[in-house]
Amino acid sequence: MIYMRIIDVESASSSFYVSSENYQEKSEDTFHDFFLNIIITRKKNTVSWVRHRDIHLLTVGVETYTSDQRFVASHFPRTEDWTLQVKYPQRRDSGTYECQVSTTPPIGHSMHLSVVEPITSIVGEPEMFIDKDSTMNLTCVVRHSPEPPTAIYWTHDQEVINYDSPRGGVSVITEKGEVTTSYLLVQHAQPADSGQYTCHPSNANTKTILVHVLNGEHPAAMQHGGQLRLANLPFVMISTTLLAFLNHRY
């Protein structure tokens, strides 16, 4: 899901003003179209749109002068509205755009478009090992989102987690802000709690972590109580000492 942010740069004349609106679609698997809208009090003038990055003339009036068909200009007769539509915006579309009005002398207004994509991560991904009967703490972090996600839900092996299930001891805490964090807490973790856990923010990509709840097993490394424990630490120390001795001898 892509979001756009408009920042006004300068206004060259009081004879017109610019407004911008973000019409968001409900579908989460497509980019949202974006509309740059200018309102001109002088109805006989024509508007052109220019992209500053490559000094490319995009449209003149309602005619398109670029091979990129995602850019579409529109104007309703006998109205003051001129609109540049950017279909399926991408991060490479970020930059300054200018609307130029056919006055004498010409006047223009520049705006900066920033296309950003929220990023989701889970602390400790892609795999986590915890001991049986310990507390599982999965932390999902959403960054670079213009606004906090309206909701974040978790799934376990593709099934939505029920916090009121008979198992009990499962809860979630979400802190919203510039960086939004969701904590999934599973108390007294059991081997049946092993599996894939996925964080689903409403306005960003999903992220998955594979959790192993150990019942007496001893992998090479495991997370226990938030710390990393090496199961074969004595063997590693002996091997390191022997290697140092051999290097010194030869």
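The following questions and answers go through a predicted model of one chain, from its strands to its cores and its disulfide.

Residues are numbered from 1 along each chain as its sequence is written. In this predicted model local features need pLDDT of at least 70, side-chain atom pairs count only at pLDDT 80 or more, totals for chains, interfaces and linings use all residues, and side-chain values use heavy atoms, with hydrogens and water left out.

Reader: How many helices and strands does the secondary structure of the chain come to?
Author: Helices (H or I, at least four residues) and strands (E, at least two) are DSSP runs, numbered from the N terminus. Counted in this way, the chain comes to one helix and 21 strands.

Reader: What percentage of the 250 residues of the chain count as buried?
Author: Buried means under 20% relative accessible area, exposed over 50%, and partly exposed in between, with a 1.4 Å probe and protein chains only. By that rule, the buried part of the 250 residues is 38%.

Reader: In what order do the five strands of the open sheet stand?
Author: Two strands pair if DSSP finds at least two bridges between them. The pairing in this sheet is mixed. Its edge strands, each pairing on one side only, are β12 (127–131) and β15 (159–160). The order is β12-β19-β18-β14-β15.

Reader: Which residue in β19 is the bridge partner of Phe129?
Author: β12 pairs with strand β19 (residues 207–214) in the parallel sense, over five bridges. Within β19, the partner of Phe129 is His212.

Reader: Which residue of β17 stands opposite Ser171?
Author: Strand β16 (residues 170–175) and strand β17 (residues 180–186) are antiparallel and share six bridges. A hairpin of four residues joins β16 to β17. The residue opposite Ser171 is Leu185.

Reader: How many bridges join β13 to β17?
Author: Strand β13 (residues 136–143) is mostly covered, with six of its eight residues buried. On strand β11 (residues 119–122), β13 has an antiparallel partner over four bridges, and there Thr120 stands opposite Val142. With β17, β13 also runs antiparallel, and the number of bridges is seven.

Reader: Which element gives the most residues to the largest nonpolar core?
Author: A nonpolar core is a set of buried Ala, Val, Leu, Ile, Met, Phe, Trp, Tyr and Cys residues joined through side-chain atoms within 4.5 Å. The largest one has 20 residues, and among those that touch the most other members are Met136, Leu138 and Trp154. Elements that give two or more residues to this core are β12, β13, β14 (152–156), β17, β18 (195–201) and β19. The most, four residues, come from β13.

Reader: Which residues is Leu138 in contact with, leaving aside its neighbours within four places in sequence?
Author: Contact means heavy atoms within 4.5 Å. Leu138 is one of the residues that touch the most other members of the largest core. With those neighbours left aside, its contacts are Met128, Trp154, Ser182, Tyr183, Leu184, Tyr197, Ile209 and Val211.

Reader: What is the angle between the planes of Phe71 and Tyr97?
Author: Rings of Phe, Tyr and Trp (its six-membered ring) pair if their centres lie within 6.5 Å; planes under 30 degrees apart count as stacked, over 60 as edge-to-face and the rest as tilted. A search of the whole structure finds one aromatic pair. Phe71 and Tyr97 form a tilted pair, 6.4 Å centre to centre, with planes at 35°.

Reader: How many residues apart in sequence are the parts that this aromatic pair ties together?
Author: Both Phe71 and Tyr97 are buried. Phe71 lies in strand β7 (residues 71–75) and Tyr97 in strand β9 (residues 95–101), so the distance in sequence between the parts tied together is 26 residues.

Reader: Is Lys207 buried or partly exposed?
Author: Lys207 has its place in strand β19. Its C-alpha atom is separated by 6.6 Å from that of Ile122, 85 residues apart along the chain. Because its relative accessibility is 27%, Lys207 counts as partly exposed.

Reader: Which strands hold the two cysteines of the disulfide?
Author: A disulfide is a pair of cysteine sulfur atoms within 2.5 Å. The structure holds one, formed by Cys140 and Cys199 with their sulfur atoms 2.0 Å apart. The link is left-handed, with -80° about the S-S bond. It ties together parts 59 residues apart in sequence, because Cys140 lies in β13 and Cys199 in β18.
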